[in-house]
Amino acid sequence: MDRQFTLGRSNYVANHGQESCWGDCSSSSMFTVFSDVRTGATRQVSVLGDTGRVADGPFFRNSGTKFASVVDGLSSTIFVGEHSSKLSDKTWVGVVPGAYVQPRLITPENVTETAATLVFCHSGPAGGELDITGYPIFHPVNFPALHVCQMYSEHPGGGNVLFGDGSVRFINSTIDIYVFASLSSMNEGEPVEVQE
C-alpha cells in the first residue's frame, strides 16, 4: 500500500562520505568499499546491518559522530552540503522507512533512490557504484549525472558546504574529484588543505 507524507523540506543534505551504503547494507553481510580511491583498491567489510562499518563520512544511520572521530580534521571534512529541490526533495525531519526519493531532473544515470537519500548524500566512489565501463563514479557538487544522492545547488559553478569546524565555503564544480572525495571522508587518512 502506497502512502504519501508531507514533510518539512530541506535544501541541505548530511554528508555520508565517499561510500553510499543505502538499502543494500541492511540486507548484505559483506560490502565492497574503496580502501584507496586513487588506485581503485577495494576491500570487503563485514556489515551485519550496521552502516557505520561502511560509512566514512560524519553522518550515517545512528551515527553519533564525535569531533575526535574526525581524524582527517574538522577544517578539511565536509559535514553538510546544498541540495536544491530542483533535483529532488530532501527533508530535515529524518528518514521515512520504506520511502523512495524520486528525481525531478531526468538523466540516464539519475534513478529513484532508497529512503536514506532523503537526508544523506555521498561523494563517491562507492564500492557498489560503477559506471558502464566499470570505473568508479565520483559526483562533486553539481555533477552532470545529477544523482539524487549528490550535492546540487543552483549557484553557477558550484555550491556551498559546511565543514566540521563551522566554516561555510564555496566548492567549485571543477574541483579535482580526488580532492572532493578526500574532503568528504573523515577518517581515510586523506587530509587536504582547503584554500579560501
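Helices (H or I, at least four residues) and strands (E, at least two) are DSSP runs, numbered from the N terminus. This is a predicted model, in which local features need pLDDT of at least 70, side-chain atom pairs count only at pLDDT 80 or more, and totals for chains, interfaces and linings use all residues. Residues are numbered from 1 along each chain as its sequence is written, and side-chain values use heavy atoms, with hydrogens and water left out.

**Exercise 1. Place S85 and describe its surroundings.**

Step 1: Find the element. S85 sits in the loop between β5 (78-82) and β6 (90-91).

Step 2: Check the exposure. Buried means under 20% relative accessible area, exposed over 50%, and partly exposed in between (1.4 Å probe, protein chains only). S85 has a relative accessible area of 18%, so S85 is buried.

Step 3: List the contacts. Contact means heavy atoms within 4.5 Å. Setting aside neighbours within four places in sequence, S85 touches R9, N11 and R104.

**Exercise 2. Find the pairing partners of β5, and say why β5 counts as largely enclosed.**

Step 1: Apply the pairing rule. Two strands pair if DSSP finds at least two bridges between them.

Step 2: Take β2 (residues 12-15). β2 and β5 pair in the antiparallel sense, over 3 bridges. Y12 stands opposite E82 in β5.

Step 3: Take β10 (residues 158-163). β10 is joined to β5 by 3 bridges, and the two run antiparallel. Here V80 stands opposite L162 in β10.

Step 4: Check the burial. In β5, 4 of the 5 residues are buried, so the strand is largely enclosed by the rest of the structure.

**Exercise 3. Describe the chain as a whole.**

Step 1: Count the elements. The chain has 2 helices and 11 strands. From the N terminus, their order is β-β-α-β-β-β-β-β-β-β-β-β-α.

Step 2: Judge the compactness. The radius of gyration is taken over C-alpha atoms, and the globule rule is 2.2 Å times the number of residues to the power 0.38. The chain's radius of gyration is 16 Å, close to the 16 Å that the rule gives for 196 residues, so the chain is as compact as a globular protein of that length.

Step 3: Add the spans. Along its principal axes the C-alpha trace covers about 45 × 40 × 35 Å.

Step 4: Look at burial and contacts. Of the 196 residues, 49% count as buried. Among contacts between residues at least 6 apart in sequence, 60% join residues at least 24 apart.
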